[in-house]
Amino acid sequence: MSVLIYAESWDGSFRKSTFEAISYANEVSKLLDTDLVAISFGNESKQELEKLAKYGATKIITSDIIHKGDSEATTEFISKNINDVNIIVFASSYTSKMIGPRLGAKLKAGIASNVIALPTSTDPIQVQRKSFSSKAIENIEIHSEIAIITLAPNAFEIIENSKNCQIEKVESVKEGNITINGQEVSNGKVSLAEAEIIVSAGRGMKGPENWNLIEELADVLFAATACSKPVSDIGWRPHSEHVGQTGKAVAPNLYIAIGISGAIQHLAGVNSSKVMVAINSDAEAPFFKAADYGIVGDAFEIVPKLIEEIKKIK
Amino acid sequence: MNIVVCISSVPDTTAKINFVDNDSKFDENGVQFVINPYDEFGLTKAILLKEKHGGKIIAITVGEQKVEPVIRKALAIGADEAIRINHTPKDSYTTAYHIAEYLKSNSYDLIITGRESIDYNGGAVGGMVAEFLSLPFINACNGLNFSDGIAQITREIDGGKEKLSAKLPLIIGGQKGLVQESELRIPNMRGIMQARTKPLSIIEPSNIETLSTSVKFEKPAEKGACKLVSSDNVGELVSLLQNEAKVI
């Protein structure tokens, strides 16, 4: 019996989300009293792979690089290297959302996605997951032999638990029926999925030319920027920044909403944030009902002051 | 080109979310059901592709008779025919299995699902159908075009996008960006009239067991009241975030 964790890397390096997921997987392996095995295929160095042992992995299976966009190959690779596994854990990522379901169908394994806590029962596995766009928490029971758990973003903390581990390099698999033609990635920006602080703005900003204020505030807070649906619909900001029910669901420690009224669809995507701040000129804006802190006033006056005040403490 | 669009009937985005039967089932009382927004992006993309390349759009859903208004709406918007697999969806595995079983004996070139449904947010049906049918699968797809019969695809990745290409048949999990919000179609009177006579076939499902069960739903804890800070004292907000909330 063992717990398997897919350790995802980006350009050969693991990220916070990988360490959160492996910490979670390690706690699950303790509950089941089994080993924790990590699997990766991102061309990580030995030194990088050894970091996984810090969080409880006793064995790491790796191979030559397999492209994360090729879900046929990645799924085949993981399924080929499953030995006596009861639970497979994934972090929340674009890659896991392609592999997890494929693997579920291939292995006849039930899936719980958006999982927010450790299993409340292990036989059968029962976990809590976010459902109805975070408006409900669902207790789901998986009764297949293998269970797949995909975590919600920022749902679990990193816990160190050093173990001795062995690295085993295995054969790769053949490519799937897809060609990868290249990536466009904007470097240096904090990604929304992993951001601890998000500065988000809405139509209250009056136009795209005023977003330098939002970006400056994000810079001083080392935050990611986001926006409301109307703002991405009219093209002031890219769709990739739209958070809400039909955009991205985020769960940062701090979500600052500037000039966003707080429609129910927007709140559905952000209400897992630990702390929410609303800045809005309309005292009746629904966001004030959801927020922990608020300032009623003109964003164009408040945001520059906020930037100055934060600079003082940083 | 035969385009299959998977449609899920979901509560409207403004619906009140409550549960009945000991908090084990969603309370449908007074709730309006709509086409899952991600599936609507997919249906609109199918219509745009059909207008450019010709072909047929088949809308497929898994659900009881009560989902028919939603599938009729898909027909009114532009699907040519509809399939309803007469099964109450219980988990992603059985839903995907039924869709795949139907498609195994029918022709298709492109299958479009939404990235996830906005009710249970499982996000697993597309990938599972792909595996059952051994097809390439691109999730979080935000761009799709064809040149010389090859699909040119973009998908969202962390901090950017990736370009891929694949031969048909193929399955995508669509999201915003696949079409623009302004391209969404509202059914017109002619479409609604035509939808009444377009074919809607009901398929009886085979017997298959679920792999997971919803045991109970809970509502997240209510937030406390919002602490308002005066606009003349922005420093106080920073101090609260630093010392009370401890988030900066």
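Here is a short chat about reading chain B and its contact with chain A in a predicted model.

Visitor: Let's start with chain B by itself. How many helices and strands does its secondary structure have?

Guide: Chain B comes to six helices and 15 strands. Its C-alpha trace spans about 65 × 45 × 40 Å along the principal axes.

Visitor: What percentage of chain B is buried?

Guide: The idea is to count neighbours: a residue is called buried if 20 or more other C-beta atoms lie within 10 Å of its own. In chain B, buried residues make up 50% of the 248 residues.

Visitor: And what do the contacts inside chain B join?

Guide: Take the contacts between residues at least 6 apart in sequence: in chain B, 70% of them join residues at least 24 apart.

Visitor: Now the two chains together. How many residues does each chain give to the contact?

Guide: Chain B gives 68 residues and chain A gives 82. On the chain B side, elements that give two or more residues include α3 (92-104), β9 (137-147), β14 (212-218) and α6 (234-244). The largest share, eight residues, comes from β11(B).

Visitor: Which classes of residue make up that side of chain B?

Guide: There are 31 nonpolar, 20 polar and 17 charged residues on the side of chain B that touches chain A.

Visitor: How do I read strand pairing?

Guide: Strands of a sheet pair through backbone hydrogen bonds, either parallel or antiparallel. You can see an antiparallel case across the two chains: six bridges join β10 (residues 136-142) of chain A to β14(B). Look for A:Asn139, which stands opposite B:Lys216.

Visitor: Where can I find a parallel case?

Guide: Try β14 (residues 197-201) and β16 (residues 254-258) of chain A, which pair in the parallel sense over five bridges. There, A:Ser200 is opposite A:Ala257.

Visitor: What is the strand order in the open sheet of six strands?

Guide: Reading across, the order is β15(A)-β14(A)-β16(A)-β17(A)-β18(A)-β15(B), with parallel pairing. β15 (224-227) of chain A and β15 of chain B are at the edges with a single partner strand each, so one side of each has no neighbour in the sheet. From one strand to the next, the twist averages 20°.

Visitor: Which helix of chain B packs on that sheet?

Guide: That's α6(B), which touches β16 and β18 (293-296) of chain A, together with β15 of chain B. To read its direction, follow the helix from N to C: α6(B) makes about 170° with the direction of β18(A).

Conventions:
Residues numbered from 1 in each chain as written. Chains lettered and ligands numbered in written order. Predicted model: local features only at pLDDT ≥ 70, side-chain atom pairs only at ≥ 80, totals over all residues. Contact = placed C-beta atoms within 7 Å. Helix = DSSP H or I, 4+ residues; strand = E, 2+ residues; numbered from the N terminus. Nonpolar A, V, L, I, M, F, W, Y, C, P; charged D, E, K, R; others polar. Pairing = 2+ DSSP bridges. Buried ≥ 20, exposed ≤ 12 C-beta atoms within 10 Å, placed from the backbone. Axes fitted to C-alpha atoms, helices over the stretch in contact; angles between N-to-C directions.
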